[in-house]
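Hi there,

Here is the structure I promised to send over. Have a look at it first, and then read on for what I found in it.

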Amino acid sequence: MSNMFCFQCEQTAGGVACTARAGVCGKQDSVANLQDDLTGAMILLAKVAQKHAPTKNTYRLITEGLFTTVTNVSFDNDSLQEMVKQVEQDRAAISADSATCENFEMTKIWDTNEDIRSLKTLILLGIRGVAAYAYHAQTLGYESEDVNRFFLKALAALAEEEYGMDELLPLVMETGEINLKVMELLDKANTEAYGTPKPTTVPFSIEKGPFIVISGHDLHDLKLLLEQTEGKGINIYTHGEMLPAHGYPELKKHSHLKGNFGTAWQNQQKEFIDLPAPVLFTTNCLMPVKDNYADRIFTTAVVEYPGMVHIGEEKDFTPVIEKALELGGYKEDKPMTGINGGTQATTGFGHGTVLGVADVVIEAVKSGAIKHFFLVGGCDGAKPGRNYYTEFVQKTPKDTVILTLACGKYRFNDLDIGQIGGLPRILDMGQCNDAYSAIKVAVALADAFDCGVNDLPLTLVLSWYEQKAVAILLTLLHLGIKNILLGPSLPAFVSPNVLSFLQENFALTPISTPDEDLKKILGN
Ligand code: FSO
Ligand code: SF4
């Protein structure tokens, strides 16, 4: 008998499932089982809430509960237990009839026919990713009733034992459609709160003196931290998915937002050793914390790790600030580089900026100066096969443009591969949720050339790791985008029949080698 069952991310054990005492990500079996309990409790809550009036609290619990179960977010039994309790209490509060000891065992999904399990998993993991983005939008006061309602519908569907392909496939596609809505909402929330991102060069070096490193995706937490550290002689450095924050005028105006520390999430256990500064995690990807730097890790929002100081809803970052002052930072300016030896990266090429120079881009395509666009983006991860993405970018011809987003870009964002028409050849569009920007640009180009997105000289070369990437992939499928190259390996939860469906209908293809793939795409 296995201790746990989890196959939700790309690094799952043996490419099949994590079933031992802990997952490859370091999540203990007790955490995995509590995450299943939480999901089961949310499924029951959703069923009840569909029939009775759900409250604001119901939606808040479901959004947070789904986000909490995303890979590398929570490693903490106590907070998960508390969430299960709150979900059960909410179910009892909205319907007295359901106040029983009823529970929904996730093994009903894990142990069922592999195609049904595959489709239900695509829906579940998809809504986990959607919930992460919905959470960030909610933080800024943007919420959608349609999205909240869909969470209930999708969760309730997971309990339907008689549902087959005909019922589940449309829900898989609807998950992608809802994720597009949420990414649009989050884009609106971020740009209305912090302005339209502008091209910005971000240094990797660290100035001497006290500093704080902030990781994750939550721009609101960064804004609050910038305000609370104003005039205190503490510099702020972004980490991981926080890098694109430098492009937002309302964040960048704080002169102590200095640069970016480190590379993608999977390198943190090496990069944080002897770091003379605290690190604040606002979202995933947190890895098991090593003793060497355990006194310097702080979490907030749904991120939790046993023994680490958690900053609560009041968002008082005083403990982080005090730690920064106590550690004092580096004594001298510290030169740092990206993984290819570059000393800086450029970000801020969201749809606002790229479409602002649409004429230049369209002209460059017409004149042949730009022959092809690649969207090389998605998550980074630990597998050696992920060097594919560095090599792929290095091998792209000089008359091509690379759009990128999410943490996968750290594989190549410090490379200088030149410019076309005054624009860098690598255009960082932002975080993973800024896939919305890439979609807007692709649709605008298709309109300008009077063709469909699939007819554009554009190829998507994606890397995936966790469930937000699943949500984005479903959005691309919902939009009918074909010929996506996906790597470094295909998801364990996609059954052979579901894979055949995706290959036949969307020509979804695993990556091979950069040379072979470039040859196939460019035909030379
Ligand atoms: Fe990466 Fe982690 Fe943004 Fe993910 S830092 S892997 S897809 O959380 O969310 O790209
Ligand atoms: Fe395994 Fe990934 Fe699940 Fe962690 S999140 S237990 S690595 S499948």
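In this predicted model, an oxygen atom of ligand 1 comes within 3.2 Å of a side-chain N or O atom of Glu241. Two other side chains make contacts of this kind. Glu466 has a side-chain N or O atom 2.5 Å from an oxygen of ligand 1, and for Asn284 the distance from a polar side-chain atom to a ligand 1 oxygen is 2.9 Å.

If you want to display the whole surroundings of ligand 1, select His217, Glu241, Asn284, Cys285, Cys379, Ala406, Cys407, Cys432, Glu466 and Lys468. Sorted by class, this shell holds 5 nonpolar, 3 charged and 2 polar residues. Four cysteines are on the list, namely Cys285, Cys379, Cys407 and Cys432. As for the space that ligand 1 takes up, it is the second largest cavity.

Where does ligand 1 lie with respect to the domains? The domain assignment splits the protein into domain 1 (13-193), domain 2 (200-327) and domain 3 (348-522). Ligand 1 lies between domain 2 and domain 3, because both of them give residues to its shell.

Domain 2 also meets domain 1. Their C-alpha centres are 28 Å apart, and 20 residues on the domain 1 side are in contact with 18 residues on the domain 2 side. People often express the size of an interface as the accessible area that is lost when the parts come together. Here, about 1600 Å² is buried between domain 1 and domain 2, with carbon and sulfur atoms giving 62% of that area. On the domain 1 side, the residues that lose the most area to domain 2 are Asn72, Val73 and Phe75, which together account for 33% of what that side buries.

There is a second ligand to look at too. Ligand 2 is surrounded by 13 residues, and the closest of them are Cys6, Cys9, Cys18, Cys25 and Thr71. By class, the ligand 2 shell comprises 7 nonpolar residues, 5 polar residues and 1 charged residue.

When you open the file, I would begin with Glu241, Asn284 and Glu466 around ligand 1, and then turn to the cysteines around ligand 2, including Cys6 and Cys9.

Best wishes

Methods:
Residues are numbered from 1 along each chain as its sequence is written. Chains are lettered from A and ligands numbered from 1 in the order in which they are written. This is a predicted model: local features need pLDDT of at least 70, side-chain atom pairs count only at pLDDT 80 or more; totals for chains, interfaces and linings use all residues. Side-chain values use heavy atoms; hydrogens and water are left out. A residue is near a molecule or strand if one of its heavy atoms lies within 4 Å of it. A polar contact is a pair of N or O atoms within 3.5 Å; within protein, one must be able to donate a hydrogen and the other to accept it, and residues adjacent in sequence count only if both atoms are side-chain atoms. On a 1 Å grid over the protein atoms alone, a cavity is a set of points where a 1.4 Å probe fits but cannot get out, and a pocket is an open set with protein on both sides within 12 Å along at least five of seven lines; lining residues have an atom within 4 Å of a point. A molecule sits in a cavity or pocket if more than half of its atoms lie within 2 Å of its grid points. Ala, Val, Leu, Ile, Met, Phe, Trp, Tyr, Cys and Pro count as nonpolar, Asp, Glu, Lys and Arg as charged, and the others, Gly among them, as polar. Domain bounds come from an automatic or database domain assignment. Contact means heavy atoms within 4.5 Å. Buried area is the accessible area (1.4 Å probe) that two parts lose on being put together, summed over both.
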